[in-house]
Structures are given as structure tokens and as C-alpha cells.
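This report introduces a protein structure to a reader who has not met it before. Please keep the sequence and the structure in view while reading.

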Amino acid sequence: MASLQHTPIFLQSTKSPPSIPSRSNLIHNLSFSATFPSLKLKAAVAASSAVTTGGATALGAKMAASAAASYASALADVAKSNNTLDATSADVEKIEKIFSNQQVFDFFASPVIDVEKKREMIDQIASSSSLSPHTANFLNILVDSGRIDLIKDIVSEFEIVYNNLTDTQLAVVSSVVQLESQHLAQIAKQVQKLTGAKNVRIKTVIDPSLVAGFTIRYGSSGSKLIDMSVKKQLEEIAAQLDLGDIKLGV
């Protein structure tokens, strides 16, 4: 099974350290329903539940995606207005890693666990991970509104918003073993040449099925692929030899 690794390989212009506004101002800013439309989202989810019975549907999934996009955009707007966009992006990467732990996700998604216990856990996470105050407050808002179950989708949507705002191209590099930082930097430069993006951010995935070599996915939703894996070469050889349904023992 492939596993996601976070690799801090960036190609971007140097920026001055962002200023962090006071916690009181942040809480004030994040309290408006116009900024975080939790009430509207709750109504939308309730409407979805009324239409469907038992299990997720295409409509429910679409509404959940819309809700995640709204929350992600709201967080990005607050971060941009406070000049903390890069710091918030770093926070979101930490959150992605934390909630990739299924036990952590199940804890927050559980409807039987008290909200106060979830808020206490958010405080612990914020402290141990050095999250910005507004990011921690955002997580508490998700807990209070019962939307913390959308956190993985929110992370994905925020990444899209951030990349668009900063002209950043995301490249996902998959390999059997972790590549050296200099090799990842070379890949980042190549992706930058191919896309013309101002910035390039690399994420790495460990995928033993590739046998050796690596693949690079970039573009909108990973639509473009550079495949330099041995697995791909073996598949091409198998196709040329017309091996049919014979499976390679790799």
C-alpha cells in the first residue's frame, strides 16, 4: 500500500515572515457566519438527509464537497487577509498528517464523544504541533458545527485554493524508497519548466508496487503523469510480447 510522506521541497520566491494577529481579533473574525457559513451548511446537510435515506448518495457527496470547498475558501480568505497564508498552509499540512491516523479521525468524527473532549484534544494538537491560533480556532469551529468529519476534504480543497492563490504547482512523486532531497529538487525544477508555475511543491509517496524508479503526477488533479518506473517498463515489455493475462510476479 502506498503511503504519503510530506517532503519540504519548494521552489518559490523568498517572503518576509508573516505577522500573526491577536487571538481576540482572530476569534472575532472567525465568528461571522459569512466567513464560516456553518449555519447554511448545516441546513444544506439537513436537506440532503431529508431527501435520502440510509447511506451516502451522489447528491450527499456533492453537497459535502461543496461544504468542504466553502470552509477551505473561508480559511484561505482569513489567512490571506491576515498575511498568514504560508503559515496556514504549513498548519494544514500538519493537520493532514494528524488526521491521516484513522484513530484520530474516528475520535473526532464520532457522534457519541462529547464536544468538550474534542475541543480539549484540539488544544493538545494545537500546542504539540504549534498551530497558529486562527487554525486551532478553525478546527474548534468545525467541531462545534459538527463538520470536523469533512477535515480531509477541507485539506484537499485548501490545497487547491492555496496553489491557485500562490501560482504553485503540486507534484506528487511516487517511488519505492524515499528519494534524496537533491533529486527531488531536480524534479521540482523540471516540473517548473514544464508548467511555467512560479512555485513548485513536492509531495512524496512510497509505493513498493513500482519495483524501482519513480512516477511524477502534476497538473490539474494530477492529470499529467511522467512514469519512470520499472513496473511501467515491465508492463510495456509484457504488452510487446503479448503475454495476455499472465501477471508479473512483482
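The sections below describe salt bridges, a charged surface patch and a hairpin in this predicted model.

## Salt bridges and their network

Side chains of opposite charge can pair when their charged atoms come close. The structure holds six salt bridges. One of them joins Glu96 and Lys203, whose closest N and O atoms are 2.9 Å apart. Glu96 belongs to helix H4 (residues 85–99) and Lys203 to strand E3 (residues 199–206), so this pair ties together parts that are 107 residues apart in sequence. Lys203 counts as buried because its relative accessibility is 6%.

Strand E3 also takes part in a salt bridge between Glu159 and Arg201, with an N to O distance of 3.2 Å. Glu159 lies in helix H8 (residues 151–166), and the two residues are 42 residues apart, so that distant parts of the chain are linked. Both side chains belong to buried residues: Glu159 has a relative accessible area of 18%, and Arg201 has a relative accessibility of 3%. Salt bridges with shared partners connect Glu93, Glu96, Glu159, Arg201 and Lys203 into one network.

## A salt bridge between helices H6 and H7

Asp144 and Arg119 form a further salt bridge, in which the closest N and O atoms are 2.6 Å apart. Because Asp144 lies in helix H7 (residues 133–144) and Arg119 in helix H6, the pair ties together parts that are 25 residues apart in sequence.

Are these two residues buried or partly exposed? Asp144 is partly exposed, with a relative accessible area of 43%. Arg119 is partly exposed as well, with a relative accessible area of 26%.

## A negative surface patch

Asp114, Glu116, Glu120 and Asp123 form a negative patch on the surface. One of these residues, Glu120, is found in helix H6, which spans residues 115–128. Glu120 counts as partly exposed because its relative accessibility is 49%, and partly exposed residues lie between the limits of 20% and 50%.

## The hairpin of strands E4 and E5

Strand E4 (residues 214–218) and strand E5 (residues 224–227) run antiparallel and are joined by four bridges. Within this pairing, Ile216 stands opposite Ile226 of E5.

How many residues stand between the strands of this hairpin? There are five, and in the hairpin Gly219 takes a positive phi near 85°.

Definitions and conventions
Residues are numbered from 1 along each chain as its sequence is written. This is a predicted model: local features need pLDDT of at least 70, side-chain atom pairs count only at pLDDT 80 or more; totals for chains, interfaces and linings use all residues. Side-chain values use heavy atoms; hydrogens and water are left out. Patches are made of residues with over 30% relative accessible area and no salt bridge: like charges are joined within 9 Å, nonpolar side chains (Val, Leu, Ile, Met, Phe, Trp, Tyr) within 5 Å. Accessible areas come from the Shrake-Rupley method with a 1.4 Å probe; for residues, only the protein chains shown count as cover. A salt bridge is a side-chain nitrogen of Lys or Arg within 4 Å of a carboxyl oxygen of Asp or Glu. Lys and Arg count as positive and Asp and Glu as negative; His and the chain ends are not counted. The place of a charge is taken as NZ of Lys, CZ of Arg, CG of Asp or CD of Glu. Buried means under 20% relative accessible area, exposed over 50%, partly exposed in between (1.4 Å probe, protein chains only). Two strands pair if DSSP finds at least two bridges between them.
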